[in-house]
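Have the fold open in your viewer for this one. We'll walk through how some helices pack, then stop at a few individual residues.

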Amino acid sequence: MSDSSSAAPVVLDVWCELECPDCHLALSDVHALRARYRDRLEVRLRHFPLEKHKHAYAAAQAAEEAVVQGKGWPYIEAVLARTAELARSGEPLLIEVAAELGLDAEEFDTALIDGRHLLIVDADQAEGKAIGVTGTPTYVIGDERLDGGKSQEGLRERIEEIADRLLAGQG
């Protein structure tokens, strides 16, 4: 007899960049998915900084520092809520958001200077390119890739269909 609560969660990779207004809009879907599936769905942010956004690469590194300091998602959501401001202000905004969340802002500054999180960001971006990610947000669940960069419409429902099928297959 299997205990469904001990089954591994379904993984949803969200290929995102923190200067992308569409990624900010996608947060409502991420929140709804988390509320519906709780611990049965693991939502992982994957970095895919786009060249057209000059502060996206630094923002991805800063997000990784927030993960190290224990507030990855709160930081990601706070930066995504201020994409236009990030486009204008750049790295000072990344440090400011860290301080607002009670994180070690000096350590953020140092992490951006020393590049300690470059490999994680580069690896995510390379993997994204290898699987065909071209824009953000892009979702990968099971073996399906869903491009949200053109339109978010209907994507949450499609992700739910796939998650339900994958979860049913575990039982």
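Before any helix pair comes up, one convention: axes are lines fitted to C-alpha atoms, for helices over the stretch in contact, and angles run from 0 to 180 degrees between N-to-C directions. Keep in mind, too, that this is a predicted model.

With that settled, take α2 (56-68) and α7 (118-130). Their axes come within 9 Å and cross at roughly 115 degrees, and the crossing of α2 past α7 is right-handed. On the α2 side, Y57, A60, Q61 and E64 make the contact, while α7 brings L118, I120, V121, D122 and Q125.

The other pair to look at is α5 (residues 91-100) with α6, where the axes lie 8 Å apart and the packing angle is about 145 degrees. Here as well the crossing is right-handed. Helix α5 contributes E91, L94, I95, A98 and A99, and α6 answers with A105, F108, D109 and L112.

Back to α7 itself. Its 13 residues should span 18 Å at 1.5 Å a residue, and the end C-alpha atoms are indeed 18 Å apart, so the two figures agree. Which residues of α7 are buried? They are V121, D124, Q125 and G128. These cover an arc of only 95 degrees around the axis, so they sit on the same side of α7. Over on the other side, L119 and A130 are exposed. The cover over the buried residues includes β1, β2 (41-47) and α2. Just past the end of α7, G132 takes a positive phi of about 95 degrees.

Helix α3 (residues 72-80) can be read in a similar way: G72, Y75, I76, V79 and L80 are its buried residues. Because their arc around the axis is only 130 degrees, they fall on the same side of α3.

Now for three residues worth clicking on. The cut-off to remember is that buried means under 20% relative accessible area.

| Residue | Relative accessible area |
|---|---|
| C20 | 4% |
| H117 | 6% |
| D124 | 8% |

D124 is the one in helix α7, and at 8% it counts as buried. What does the side chain of D124 reach? It reaches the backbone nitrogen of H47, at 2.9 Å. Not counting residues up to four places away in sequence, D124 touches W15, L45, R46 and H47.

H117 sits in the loop between α6 (105-114) and α7. Its 6% relative accessibility is why H117 counts as buried. Leaving aside neighbours within four places in sequence, H117 is in contact with Q61, E64, E65, V68 and A111. Two of those names, Q61 and E64, should ring a bell, as they belong to the α2 group that contacts α7.

C20 is also a loop residue, placed between β1 (10-16) and α1 (21-37). With 4% relative accessibility, C20 counts as buried. Setting aside neighbours within four places in sequence, C20 contacts H53, L80, T83 and T136. Of these, L80 is one of the buried residues of α3. For a sense of distance, try C20 and R38: they are 18 residues apart in sequence and 26 Å apart in space, C-alpha to C-alpha.

Terms used: Residues are numbered from 1 along each chain as its sequence is written. This is a predicted model: local features need pLDDT of at least 70, side-chain atom pairs count only at pLDDT 80 or more; totals for chains, interfaces and linings use all residues. Side-chain values use heavy atoms; hydrogens and water are left out. Helices (H or I, at least four residues) and strands (E, at least two) are DSSP runs, numbered from the N terminus. Buried means under 20% relative accessible area, exposed over 50%, partly exposed in between (1.4 Å probe, protein chains only). Contact means heavy atoms within 4.5 Å. The expected span of a helix is 1.5 Å times one less than its number of residues. The arc is that of the directions from the helix axis to the C-beta atoms. A polar contact is a pair of N or O atoms within 3.5 Å; within protein, one must be able to donate a hydrogen and the other to accept it, and residues adjacent in sequence count only if both atoms are side-chain atoms. A crossing is left-handed if the near helix is turned anticlockwise from the far one by less than a right angle, and right-handed if clockwise.
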